[in-house]
Structure formats: C-alpha cells, structure tokens
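Trainee: Please take me closely through one part of this model. I want to see how its helical part is packed.

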Amino acid sequence: IRLVHCQTWKPIGGQVDLGVVERTVFGLCRQYGAGCCYDPWQAEHLAQRLGRRGILMKQMAFTQPNLRAMATSPLEVFRCRLIDLYPHEELLADLRRISIVERADGSGFKLTAPRGAGGHCDAGMALAIVLPAVFGFAQRGVDRVRAQRAHAESSPFGNQRVVTVKE
C-alpha cells in the first residue's frame, strides 16, 4: 500500500470551501484511477455528487464493526510493513497522537483523536477511514502472491516463473 497523496483543508472564515474539496478529490481519483472512502456524517452530499460524476465512493460509517476495523487495520498494515508513507508532517504528527482504546462496553476497539493546535487528527483519521478497504484489497493480493509462490515452488519448474499480480 503506497500513500500517494494526503491533503486536509483548513476552514477560511469558519468554513471549508466544499467546491475546492470536490474538485480536488475528483481530480485525484481520476489521476490515480482510485475511489474514495468517506465518513457519511461529514461527506454524504459530496459522495453523491462525486458518485454521479463516476467516482467509486465507499461509505465508512462509524459503526462498531467499522470502528474496530479502523482501529485494527492500521496496526496490521504497519506491523506487516504493508504501507509506504511519504514524509507528510501533518499525517505523521496525527499518527503519533492517535490512540486505540477499548470501548467502555467491551464491544471492541476504536480510535481516539485528541484535538490539538493542528485540528482533530484529520489526516490520521482519513488514513484510518480508508485503510480497512485498502488493507482488505492488499491482503487479498498478498494471499494470492503467497499461493502462487507456493505453487511455483512445488512445480517441477521451481522458482523460474515470474508472477505479476494486478487487481
């Protein structure tokens, strides 16, 4: 998993220009051939507009299963060294501030993002929203490569095959 772009928008005069957000997300999705994961509480209207323009939009509602996935996916991705980040100072600062806590009712885990001078860990939370979807995709690719390698190693041709995986 390679992070190719990370951007947050700061309010100007108390508001974020959602037109700028929409144009930026649309352009990035087209440029990278990517979809967009979003928090429906914050971006449902944006998701509808981008969806009508052909962008694949995946809702990540803050339900218990999704909160658990948002808490555990970053752990797995970093533990398995499946992510490549570029030096984005805001994101790195956010990742240092985010904590994983067990829910009071014992139903699982969630992320806590303290509010600080730089905001509410917006870049880190954005990464946490997208990682469950991307990690699942990456994990399927890793599983497929492992299966192909095992098959190549057990074949009479040994390791002389080149395996290319693309989804």
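Mentor: Start with a term. A helix here is a DSSP run of H or I with at least four residues, and helices are numbered from the N terminus. Keep in mind that this model is predicted.

Begin with α3. S73 lies in this helix. S73 counts as buried because its relative accessibility is 6%, and buried means under 20%. What touches S73, apart from neighbours within four places in sequence? The contacts of S73 are L131, P132 and F135. L75 also lies in α3, which spans residues 64-79. L75 joins I100 and F109 in a nonpolar patch on the surface. Together these three have about 260 Å² of accessible area.

Now move to α2. Its buried residues are P40, A43, L46, A47 and L50. They pack against α1, β1 and β2 (57-59). L46 is also the centre of a kink of about 35 degrees in α2.

Next, the core. The largest nonpolar core has 12 residues, among them A43, L46, A47 and L50. At least two residues of this core come from each of α1 (18-32), β1 (36-38) and α2 (40-52). In soluble globular proteins, nonpolar side chains tend to be buried together.

Finish with C36, another member of that core. Set aside its neighbours within four places in sequence, and C36 contacts V25, C29, L56, M57 and K58. V25, C29 and M57 are core members too.

Notes
Residues numbered from 1 in each chain as written. Predicted model: local features only at pLDDT ≥ 70, side-chain atom pairs only at ≥ 80, totals over all residues. Heavy atoms only, no water. Patch = residues over 30% accessible without salt bridge, like charges linked within 9 Å, V, L, I, M, F, W, Y side chains within 5 Å. Areas by Shrake-Rupley, 256 points an atom, 1.4 Å probe, with all protein chains shown as cover. Salt bridge = Lys/Arg side-chain N within 4 Å of Asp/Glu carboxyl O. Core = buried A, V, L, I, M, F, W, Y, C linked by side-chain atoms within 4.5 Å. Buried < 20%, exposed > 50% of the residue type's maximum accessible area, 1.4 Å probe, protein only. Contact = heavy atoms within 4.5 Å. Bend = angle between axes of the 7 residues up to and from the residue.
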